[in-house]
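User: I am new to this structure. Can you show me how to read a helix, then a domain contact, then a chain contact?

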Amino acid sequence: MLPRLRLPLRRNRDIVCQQAVELVTDYLEGALSRADLRRFEAHLAGCPHCTEYLAQMRATIALTGDLTADDLTPQMQDEFIALYRQWSAGQDGT
Amino acid sequence: MDQETDAELLGRLQAGDERAFAILVRRHHAVMLRLAAGYVPSMAVAEEVVQDTWLGVLRGIGGFEGRSSVRTWVFRILVNRARTAGTRERRSVAIGDWVPAVDQSRFDATGHWTAPPERWVEEAENRVNAAKLTNRLRSAVGELPVRQREVVLLRDVEGLSSEEVCGVLEISEGNQRVLLHRARSRLRQVLETEFGRA
């Protein structure tokens with residue numbers, strides 16, 4: 001289920017920018033083959049725009065990670081405790 | 001006290017400790033609610049699904065053998081219940097058509113940037129009104145297709161490993177990466193727009 005690129009990757013060819021942006025996630029996930037990893041890193045070394053793009057993806061991931069969980073309201077917390085007690089009582093009864 | 005691992009808390013819960021239950025619920029509630037909301041028509045139903053999930057956890061607690069992590073187990077129960085309760089799921093299981101990470105108009109015919117990304121990373125990190133950015137990002141996550149949202153919530157918001165995400169959603173590593181890629185690419189676009197340089 002790999003994304004179909006408009007410009008398909010060919011062996012022994014350099015990666016262009018439009019391909020590089022589609023490989024960023026596989027790169028960050030450590031899922032690129034050794035050959036593709038070499039070509040991806042070679043592209044980045046010569047392309048400040050794609051280097052910036054990678055930095056933006058990392059920043060996006062970091063900012064998404066900062067989305068804090070909304071706390072439970074005390075009322076909802078009470079509901080869950082009630083749920084537990086109800087279940088617990090049922091357990092004792094059997 | 002909140003530093004206990006999920007596994008420790010589950011052990012206490014198995015021994016009948018009500019407080020352990022309260023801590024587990026508090027720890028995982030928000031992401032569970034958001035996950036459930038992707039499948040069902042209203043937050044009220046999502047809350048019911050979450051409650052129903054915890055009831056399922058309590059009922060199944062004797063049978064939990066620790067083969068997966070506690071949250072993988074709990075989230076999988078949640079996703080199964082949400083899918084059963086939901087009506088939206090049937091339409092959105094498919095991975096969907098390929099959408100480019102960056103609009104094709106920003107490259108020339110040979111695939112090189114014509115409208116390269118402008119720099120905003122430092123600005124994003126030092127941003128004074130971070131709350132506004134966070135709100136924009138939060139609503140952008142909410143607007144993602146449900147499968148992408150699931151993956152990004154579990155991976156990037158909740159911090160599960162890719163292996164755990166595949167376990168919860170019962171998808172392959174490859175599909176997980178495709179969904180993650182689309183979601184992150186979309187969120188980057190949203191941030192770029194937010195900095196006024198799309």
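Reading one helix

Analyst: This is a predicted model. Start with α4(B): its 16 residues reach 23 Å from first C-alpha to last, close to the 22 Å expected at 1.5 Å a residue.

User: Which residues of α4(B) are buried?

Analyst: A general point comes before the list. An α-helix has 3.6 residues a turn, so residues three or four places apart point the same way. In α4(B), the buried residues include Val70(B), Trp73(B), Ile77(B) and Arg81(B). Also among them are Val74(B), Phe75(B) and Leu78(B).

User: What do the buried residues of α4(B) pack against?

Analyst: They pack against α1 (6-14), α2, α3 (43-60) and α9 (162-169) of chain B.

User: Where do the domains of chain B lie in the sequence?

Analyst: Domain 1 covers 6-90 and domain 2 covers 94-194. Their centres, taken over C-alpha atoms, are 26 Å apart. Domain 1 of chain B brings 13 residues to the contact, and domain 2 of chain B brings eleven. On the domain 1 side, α2 (18-37) and α4 (70-85) each supply at least two residues. The largest share there, five residues, comes from α4(B). By class, that side has five nonpolar, four polar and four charged residues.

User: How many residues does each chain give to the contact between chain A and chain B?

Analyst: Chain B gives 47 and chain A gives 38. Several helices of chain B supply at least two residues each, including α7 (130-143) and α8 (146-157). α10(B) gives the most, with ten residues. The chain B side divides into 26 nonpolar, twelve polar and nine charged residues.

Note on methods. Residues are numbered from 1 along each chain as its sequence is written. Chains are lettered from A and ligands numbered from 1 in the order in which they are written. This is a predicted model: local features need pLDDT of at least 70, side-chain atom pairs count only at pLDDT 80 or more; totals for chains, interfaces and linings use all residues. Domain bounds come from an automatic or database domain assignment. Two residues are in contact if their C-beta atoms, placed from the backbone, lie within 7 Å. Helices (H or I, at least four residues) and strands (E, at least two) are DSSP runs, numbered from the N terminus. Ala, Val, Leu, Ile, Met, Phe, Trp, Tyr, Cys and Pro count as nonpolar, Asp, Glu, Lys and Arg as charged, and the others, Gly among them, as polar. The expected span of a helix is 1.5 Å times one less than its number of residues. A residue is buried if 20 or more other C-beta atoms lie within 10 Å of its own, exposed if 12 or fewer, and partly exposed in between; C-beta atoms are placed from the backbone.
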